[in-house]
Amino acid sequence: MIVRTVMRRFRMQVWAMFKAFPLYRHFGRGAVLVATAACGFAATSGVAQGPSLAMLDRLESGLWEVRARDEADTVQICIDNGRKLIQIRHQRETCRRFIVDDTPGLVTVHYTCPANGYGHTRVRFENARLAHLETQGIDNGLPFNFVAEARRIGACR
């Protein structure tokens, strides 16, 4: 009984607040609801844009060599922007990305590729021609984990 009374009073206070709102007096209850929804949409649309990964745009385009620190293997890739370094093990895949950290010197991204695994990559900016990568995840059902140095070695062939 007490809860019902408290809820009734709360609804009456909220309704009194809406009635005092100038739009209600001129246009009615529908206008207040539309205005509230529009304000809510405008407030959340700015948040939904998220970080921009601007640090990766500072890396030069061209032919890059990715050399794992603990292995002798190297991979050469031609990149037009630094975002290609995020998905070293899933290069040809369309993956959904979630930006974990986006600072001027460090980017951390978690990505998921439908039916082919996922990855978690950290790219540390050294200069426009050098970056350090740490990446781990699952590719074709097998785990991977490596630390590498990515260095621009020239123009794409």
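**View 1. Two rings meet: the aromatic pair of the model.** How many aromatic pairs does a search of the whole structure find? It turns up 1. (Rings of Phe, Tyr and Trp, for Trp its six-membered ring, pair if their centres lie within 6.5 Å; planes under 30 degrees apart are called stacked, over 60 edge-to-face, and the rest tilted.) The partners are Phe144 and Phe146, a tilted pair with 6.5 Å centre to centre and 45 degrees between the planes. Are these two rings buried or exposed? Phe144 counts as buried because its relative accessibility is 6%, and Phe146 counts as buried at 12%. (Buried means under 20% relative accessible area, exposed means over 50%, and partly exposed is in between, using a 1.4 Å probe and protein chains only.)

Before you go on, keep in mind that this is a predicted model, where local features need pLDDT of at least 70 and side-chain atom pairs count only at pLDDT 80 or more, while totals for chains, interfaces and linings use all residues. Residues are numbered from 1 along each chain as its sequence is written, and side-chain values use heavy atoms, with hydrogens and water left out.

**View 2. A charge over a ring: Arg58 and Phe125.** Here the charged end of Arg58 sits over the ring of Phe125, 3.8 Å from the ring's centre. (That label needs NZ of Lys or CZ of Arg within 6 Å of the ring centre and within 35 degrees of the ring normal.)

**View 3. The sheet, strand by strand.** Step back a little: the protein chain has 4 helices and 7 strands, and from the N terminus on they run α-α-α-α-β-β-β-β-β-β-β. (Helices, H or I with at least four residues, and strands, E with at least two, are DSSP runs numbered from the N terminus.) The 7 strands form an open sheet with antiparallel pairing, in the order β2-β1-β7-β6-β5-β4-β3. (Two strands pair if DSSP finds at least two bridges between them.) Why is one side of β2 and of β3 left without a neighbour in the sheet? Both strands stand at the edges, each with a single partner strand, so one side stays free of a neighbour.

**View 4. A hairpin at one end of the strand order.** β1 and β2 form a hairpin with 5 residues between them. The two strands run antiparallel and are joined by 6 bridges. Look across from β1: Val66 stands opposite Val75 in β2, and Arg67 stands opposite Thr74 in β2.

**View 5. Inside the largest nonpolar core.** This core has 24 residues, and those with the most contacts inside it are Leu56, Leu59, Val66, Leu85, Ile88 and Leu133. (A nonpolar core is a set of buried Ala, Val, Leu, Ile, Met, Phe, Trp, Tyr and Cys residues joined through side-chain atoms within 4.5 Å.) Among the elements that give two or more residues to this core are α4, β1 and β7. Zoom in on Ile88, which touches Val66, Ile77, Leu133 and Phe146, not counting residues up to four places away in sequence. (Contact means heavy atoms within 4.5 Å.) In soluble globular proteins, nonpolar side chains tend to be buried together.

**View 6. Two loop residues with a positive phi.** Leu53 has a phi of about 55 degrees although it is not a glycine, and it lies in the loop between α3 and α4. Asn140, also not a glycine, has a positive phi of about 55 degrees and is found in the loop between β6 and β7. Which of them is buried, and which is exposed? Leu53 counts as buried because its relative accessibility is 5%, whereas Asn140 is exposed, with a relative accessible area of 60%.

How values were computed
Two strands pair if DSSP finds at least two bridges between them.
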